[in-house]
Amino acid sequence: MSRIGKLPINIPSGVTVTVNGDEVKVKGPKGEMSQVLTGGIKAEVADGHIVVSRPSEDKEHRALHGLYRSLINNMVVGVSEGYKKEMELVGVGYRAANNGQVLDLSLGYSHNIYLKLPKEIKLETKSERNKNPLIILESCDKQLLGQVCSKIRSFRKPEPYKGKGIKFVGEIIRRKSGKSAGAK
C-alpha cells in the first residue's frame, strides 16, 4: 500500500470539495481548482476527509494513487492558505519592477526582459536601499507558481563564483574558490 496515497486529506473549514465522477473540485477563500482523476483512481469525501483509493495493486495504479493524493492535497492547501515564493536578485544593477501583471527585469543584458504572468498569480516587487530587489509571487496553484518561478530563474541562474543571479530567499548557493593566484 502506498504510504502517501492511503493518508486521508483533512478538509479545513471554509473549503468545499465536490467529487463528480472522475473530477474533483475544490473551492475555498483563495480560489477554485479542479483535477480530473485517470487510471481508475477514485476519491470519496466522508466526514471531513478525502480518501483516495485505487482499483488494484498494478504498478500504474500504485504510482497514480500517491500522485493524485498529493495533487488533491496541494489543491486543498492552495485554496485555504495559498502558496508564496520570494525570489531575490543578487548583482550590481539588477532591478525588478512590475506594471500590473507584467514583470520588468533588468539583469545586465542589453535590453530589459518583460514577462507577462498569468492572472492566477499575484505579483509584487520590492526595492529597498542597500538590499537586493525582491520578487514576491502568490497563488493557490502550486504547480503554476513553481513553473513561473522556474521561468524567472532561468533568465539569470545564480553562478557559483560570485553568487550573482536570481535565487530564492534562503537558498544557499554552493560557491567555488576560483583561480589561485601565483601558485607555481
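**Exercise 1. The largest pocket**

How much space lies in the largest pocket? Then work out which residues line it.

Solution.
Start with the ground rules. This is a predicted model, in which local features need pLDDT of at least 70, side-chain atom pairs count only at pLDDT 80 or more, and totals for chains, interfaces and linings use all residues. Residues are numbered from 1 along each chain as its sequence is written, and side-chain values use heavy atoms, with hydrogens and water left out.

Step 1. Define the term. On a 1 Å grid over the protein atoms alone, a pocket is an open set of points where a 1.4 Å probe fits, with protein on both sides within 12 Å along at least five of seven lines. Lining residues have an atom within 4 Å of a point. Grid points are joined across faces, edges and corners, and the volume is the space filled by probe spheres set on the points.

Step 2. Give the volume. The largest pocket holds about 150 Å³ of space.

Step 3. List the lining. It consists of Met33, Ser34, Gln35, Leu71, Asn74, Met75, Cys140, Asp141, Lys142 and Gln143.

Step 4. Sort the lining by type. Four residues are nonpolar, four polar and two charged. Here Ala, Val, Leu, Ile, Met, Phe, Trp, Tyr, Cys and Pro count as nonpolar, Asp, Glu, Lys and Arg as charged, and the others, Gly among them, as polar.

Step 5. Find the elements. Helices (H or I, at least four residues) and strands (E, at least two) are DSSP runs, numbered from the N terminus. Strand 4, helix 1 (59-80) and helix 2 (142-154) each supply at least two lining residues.

**Exercise 2. A hairpin**

Which bridge partner does Lys25 have in strand 4?

Solution.
Step 1. Check the pairing. Two strands pair if DSSP finds at least two bridges between them. Strand 3 (residues 23-28) and strand 4 (residues 31-36) share six bridges in the antiparallel sense.

Step 2. Look at the link. The two strands form a hairpin, with two residues between them.

Step 3. Read off the partner. Lys25 is bridged to Ser34 in strand 4. Ser34 is also one of the residues lining the largest pocket.

**Exercise 3. Two open sheets**

In what order do the strands of each open sheet stand? Which strands are at the edges?

Solution.
Step 1. Take one sheet. Its three strands run in the order 8-9-10, with antiparallel pairing. Strand 8 (95-99) and strand 10 (113-116) are the edges; each has a single partner strand, so one side of each lacks a neighbour in the sheet.

Step 2. Add detail. Strand 9 (residues 102-106) pairs with strand 10 over four bridges. One of them joins Val102 to Lys116.

Step 3. Take the other sheet. Its three strands have the order 1-6-5, again with antiparallel pairing. Strand 1 and strand 5 (42-46) stand at the edges, each with a single partner strand, so one side of each has no neighbour in the sheet.

Step 4. Add detail here too. Strand 5 and strand 6 (residues 49-53) pair over five bridges. Ala46 has His49 as its bridge partner.

**Exercise 4. Strand 11 and a salt bridge**

Which side chains of strand 11 are buried? Where in the chain is the salt-bridge partner of Lys122?

Solution.
Step 1. Set the cut-offs. Buried means under 20% relative accessible area, exposed over 50%, partly exposed in between (1.4 Å probe, protein chains only).

Step 2. Follow the alternation. Leu123 and Thr125 point to one face and are buried. Lys122, Glu124 and Lys126 point to the other face and are not buried.

Step 3. Find the pairing. Strand 11 and strand 12 are antiparallel, with five bridges. Lys126 has Leu134 as its bridge partner in strand 12.

Step 4. Find the salt bridge (a side-chain nitrogen of Lys or Arg within 4 Å of a carboxyl oxygen of Asp or Glu). Lys122 forms one with Glu138, the closest N and O atoms being 4.0 Å apart. Lys122 lies in strand 11 (residues 122-126) and Glu138 in strand 12 (residues 134-139), 16 residues apart.

Step 5. Rate the exposure. Lys122 has a relative accessible area of 52%, so it is exposed. Glu138 has 25%, so it is partly exposed.
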